[in-house]
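Take a moment to turn the model around on your screen before reading on. We'll walk through it together, one piece at a time.

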Amino acid sequence: MSTQPIDVQSVLDGFDAPWSPRIPLNVNDYDIRLAKFLGEHVWHVHHETDEFFLVLDGEIAIGLREDDGERVVTLPRGSMFVVPRGTFHKPSSEEGASVLLVEPTGTLSVGDEHDEVPDHVDATTGHRV
């Protein structure tokens, strides 16, 4: 664990790959992840955990498959949202975005179930900074 402050922008400036989260810190058993979003991710679900999103820059959309059908939640810069466990979702960003995520350590970026993973999506538990 770091005992020094970490500059969020420096971490984001240290990589270009969208859909390939970096882990600068942990809080208890949770990863604090920084990711760049561009284009579409993949429909996926986390059966045992919620997923927290905070848009640092840009805008994202999260498609949700809920009991009463599909909907899209749009999150501009500064917005937060939690996708509840067990909800299929698909993040995307047309123009690109920087996002802070909070998930239990070891959570796979494409969830427990997912559609076919395209080449531009990194199926990972995150990359340590």
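Does T74 count as buried, exposed or partly exposed? Keep in mind that this is a predicted model, and start with where the residue sits: T74 belongs to strand β5, which covers residues 69-76. Its relative accessibility is 46%, and because buried means under 20% and exposed over 50%, T74 counts as partly exposed. Leaving aside residues up to four places away in sequence, T74 touches E59, I60 and A61. You can also look for P91, which is 17 residues from T74 along the chain; the C-alpha atoms of the two are separated by 9.7 Å.

Now zoom out to the whole protein. There are one helix and nine strands. If you follow the chain from the N terminus, the helix comes up and then the strands follow, in the order α-β-β-β-β-β-β-β-β-β. The C-alpha atoms fill a box of roughly 45 × 30 × 30 Å, taken along the principal axes. What radius of gyration would a compact globule with 129 residues have? It would be near 14 Å, and the protein has 14 Å, so the two agree.

How does the chain come together? Take contacts between residues at least 6 apart in sequence: 66% of them join residues at least 24 apart. Buried residues make up 43% of the 129 residues. As for the outside, the protein exposes about 7200 Å², and carbon and sulfur atoms supply 48% of that. Then there's charge: 9 side chains are positive and 24 are negative, with the centres of the two sets lying 4 Å apart.

Let's go inside. In soluble globular proteins, nonpolar side chains tend to be buried together. Here, the largest nonpolar core has 18 residues, and those with the most contacts inside it are F37, F53, I60, I62, L75, F81 and V99. Several strands each supply at least two residues of this core: β2 (30-40), β4 (51-66), β5, β6 (80-83) and β7 (88-104). The largest share, five residues, comes from β4. You've already met I60, as it is one of the residues that T74 touches. Another core lies apart from this one; it has six residues, including V11, L12, F15 and L34.

Next, find the helix. Q9 is in α1, which covers residues 8-13. With a relative accessibility of 46%, Q9 counts as partly exposed. Now look for E48, 39 residues from Q9 along the chain: the C-alpha atoms of Q9 and E48 are separated by 31 Å.

Finally, two loop residues deserve a look. W19 sits in the loop between α1 and β1 (22-27), and N28 sits in the loop between β1 and β2. W19 isn't a glycine, yet it has a positive phi of about 60 degrees. N28 isn't a glycine either, and its phi is positive too, at about 55 degrees. Which of the words "buried" and "exposed" fits W19? Its relative accessible area is 3%, so W19 is buried. N28, on the other hand, has 70% relative accessibility and therefore counts as exposed.

Note on methods:
Residues numbered from 1 in each chain as written. Predicted model: local features only at pLDDT ≥ 70, side-chain atom pairs only at ≥ 80, totals over all residues. Heavy atoms only, no water. Helix = DSSP H or I, 4+ residues; strand = E, 2+ residues; numbered from the N terminus. Rg over C-alpha atoms; globule rule 2.2 N^0.38 Å. Buried < 20%, exposed > 50% of the residue type's maximum accessible area, 1.4 Å probe, protein only. Contact = heavy atoms within 4.5 Å. Areas by Shrake-Rupley, 256 points an atom, 1.4 Å probe, with all protein chains shown as cover. Lys, Arg positive; Asp, Glu negative; His and termini not counted. Charge placed at Lys NZ, Arg CZ, Asp CG, Glu CD. Core = buried A, V, L, I, M, F, W, Y, C linked by side-chain atoms within 4.5 Å.
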